[in-house]
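I opened a fresh notebook page for this one. The plan is to look at a helix packing first and then at how the chains sit together.

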2 protein chains.
Amino acid sequence: VSDDIHLGASRSVYWDNDGPAVAYLDQRLLPHAEKQCRAVDVAALIDAIRTLAIRGAPAIGIAGAYGVALIRATVSDIAEQKKQIALLRQARPTAINLAWAVDLASTAEDALAEAMRIHREQIAVDRAIAQHGLQYIPDDARIITHCHTGGVATAGEGTALGVIIAAHRLGRVKHVYVDETRPLLQGARLTLWELMKNGVPATLLIDGAAASLMGRGLIDLAFVGADRIAKNRDTANKIGTYSLAVAAKYHNLPFYVAAPEVTFDPTLPSGDHIHIEERGADELHTIAGQRDGNFTNPAFDVTPSELITAIVTENGSR
Amino acid sequence: VSDDIHLGASRSVYWDNDGPAVAYLDQRLLPHAEKQCRAVDVAALIDAIRTLAIRGAPAIGIAGAYGVALIRATVSDIAEQKKQIALLRQARPTAINLAWAVDLASTAEDALAEAMRIHREQIAVDRAIAQHGLQYIPDDARIITHCHTGGVATAGEGTALGVIIAAHRLGRVKHVYVDETRPLLQGARLTLWELMKNGVPATLLIDGAAASLMGRGLIDLAFVGADRIAKNRDTANKIGTYSLAVAAKYHNLPFYVAAPEVTFDPTLPSGDHIHIEERGADELHTIAGQRDGNFTNPAFDVTPSELITAIVTENGSR
C-alpha cells in the first residue's frame, strides 16, 4: 500500500505500487473473512466488479479509475488500451460512478494521480455527506436502511451509513433496522456487520417486513444510497428501494437518499432513461434450489422524485 | 389411503387407516421430492406442523382434525388425550384453522368422521372460492401473488391459486408474477412449481421487486390468501403481504384475498388483536451465514381492511 489515502479509509479498493495491481477487499466473503485480493490485469478487475467482489457505486468508480492506471501501466499498445478501457467502463451499467471515473482517469495525463485524487475526494465526500445528513436525524431516531452504503461500498465511512454512524456518535440513534436486501443480501452480510463493528444497535429483517414495521410504528425515517440520479431527482438504487419508498410514503415517513454529487446524471431528464441491469437468474434460484421456470432479476429500481424527501450530497441537500 | 376424499385432491394431508396415522406430503422437500410421510403420534404431527412440513392454513386445520382422531385412537387415558389435544391446538398460533378444526374434531362424537367431513368440505370450499373469484380476473390478466395458496396448502386446488388456475383454464391469465416469499421461499418452492404443473405462465421475482413491477405497468391485480381475518376484515397473512398491499394501493391496483369463511375470527374486532407468530432467527441467517446480531422474524403481517378490494370466500365476496 503506497499512500496516505488509507488513513481512516475502508481499504475497499486501493492501488498496489508493488504490482502494478488494483488491490481490493473481496466483499463476497464478508463478514466471514476479510480477504485482500489483487487484480493484475483488467480482465481480473472487470470480473471482480461484475461478480460484486467490488461493489457499491463509489467503490466501483474508484476501482474503474485505478483500472485505467493499471491498463496504462501494463498495456503498451494504444489501441488495445482503448479497447480495455471501453470494456472496463461498461463492466456494470447502472451506477454512474464507474463510467464517470473511467472517463476522468482516461482523459487525465496521469491516470494514477487522477485515480488517487478521486479516491481521496471520495473520503472527503463521505465526511461531508455525513455532516450534511445529520440535520435529518432526530434524537432517538429509529432508522431503516436498504442494501449497503458503508465504508467498503465507498472509500471513507459510507454515504447513508456514514450519516447513520455519525448520528450514532452524537447519541441520536435509537435503532437501525436493516433490510437483508435480496437477492445478494448486502444488508445481512455487510450493513449489519458494519453497524455492529461501529457499536450501532441494529436488527435485521426480511425486505418484505419493512412496511409491517412501519405500520407498527417502529420506524421514524428511511436513509438509503443511490447508483444514478436523473435531472428530475428520480433515483436508481438497489432493487427493493422503491418498495421501501412507497411504504414510507404510505406511512408518512421521510425518505432520504445520500449520494455524492457525481451520482447525478445531467444527461437523463428522468428515471425512465436509466438503464437497469438485469442480473442472472442464479441469484434467485440458488437458495430454493428451484432451477426450472422463469425468473426476473432486475438489480435496481427507480424511486421517483416525489417519494424522496431530500437527497443529501457533499454540498448540502437537493 | 382409505377414502374417496382423495379424488381430485392434493394429498397434502390425509388419514392412513393402516396406521392409525396422519399421512402427509413433506412440503419442505418440494419441488425436489414428493415424499409422503406418516405421523403415528401427536408429537410427530406437531413437529411436522411447526417445522412447516405441513403448512397452509387449511391444510394445518385438516391435519389438526386428523390429529385429534389419532390421539383418540392411540391414547386411552382421557386426561392425557386432553393434554395432547391442547398441545396440538397451539402448535402454530396465527392461522385460525388449526384451533377451529381441533375444536370441531375434539367435541365431535366421532373425531375421525368429523376430520373427514372437514377435509371433504375444504375440497368443496376450494372449488367454490375459485368460482366466486373468477369475477375479479379480467381477460389477459397479469396477476401477482405472495406465498403459496395452492393445492398442498389446502386440500383441493387451493384458495388464491385455485382462482388463478381456474381463470387460466378459461384462458384469462396472461401471466402470473410470484413473490419468492422470504424467508422460507414458499413462492419459489411451491407456487412456481404448482403453476408450472398446471401450465400457467409464471415468473419468479424477489419480494422487493413487486412494487417496481407495478410501477412499470406489468401488474393488473394481486391475489393472496389469509391465515386469520378479524371482524373488520383486517387480514393476517404471510409476512410481506402488507407490503404488497401498500404497493398495490399506491399504484391503484385491486388487491384480493381468497380464504374459507372459517378464516374469519368473530372474536377479534380488528387486526390489532391477531397474535403474530415470531419464528426463529435461523430462518434469516441461514442464507447469508451471518449468525451474529439481532434479527426479527415475524411470520405474518396484518393488512388493514381499507387496502383490500374484496375477500373471496366459498359464499361469495365480503
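Which residues in helix 4 of chain A meet which residues in helix 5 of chain A? I noted before looking that this is a predicted model. From helix 4 of chain A I listed A:Trp100, A:Ala101, A:Leu104 and A:Ala105; from helix 5 of chain A, I listed A:Ala111, A:Glu114, A:Arg117 and A:Ile118. I then sorted the residues of this contact by type and got six nonpolar, two charged and no polar.

Next I checked the geometry of the pair. Helix 4 of chain A covers residues 96–107 and helix 5 of chain A covers residues 111–133; their axes come within 8 Å and cross at roughly 140°. I wrote the pair down as oblique because roughly antiparallel is kept for angles over 145 degrees.

Then I turned to the two chains. I found that chain A superposes on chain B by a rotation of 180° with 0.0 Å of shift along the axis, at an RMSD of 0.0 Å. So I entered the relation as a two-fold axis. The same surface serves both copies, since 100% of the contact residues of chain A recur in chain B.

How many residues does each chain give to the contact? I have 44 residues from chain A and 45 residues from chain B. The area buried between chain A and chain B came out at about 3,700 Å², with 67% of it from carbon and sulfur atoms.

Last, I looked for salt bridges across the interface of chain A and chain B, and the rule finds two. One salt bridge I looked up joins the side chains of A:Glu180 and B:Arg182, at 2.5 Å from N to O.

Key
Residues numbered from 1 in each chain as written. Chains lettered and ligands numbered in written order. Predicted model: local features only at pLDDT ≥ 70, side-chain atom pairs only at ≥ 80, totals over all residues. Heavy atoms only, no water. Axes fitted to C-alpha atoms, helices over the stretch in contact; angles between N-to-C directions. Helix = DSSP H or I, 4+ residues; strand = E, 2+ residues; numbered from the N terminus. Parallel < 35°, antiparallel > 145°, perpendicular 65-115°, else oblique. Contact = heavy atoms within 4.5 Å. Nonpolar A, V, L, I, M, F, W, Y, C, P; charged D, E, K, R; others polar. Least-squares fit on C-alpha atoms with pLDDT ≥ 70 in both. Buried area = accessible area lost by both parts, 1.4 Å probe. Salt bridge = Lys/Arg side-chain N within 4 Å of Asp/Glu carboxyl O.
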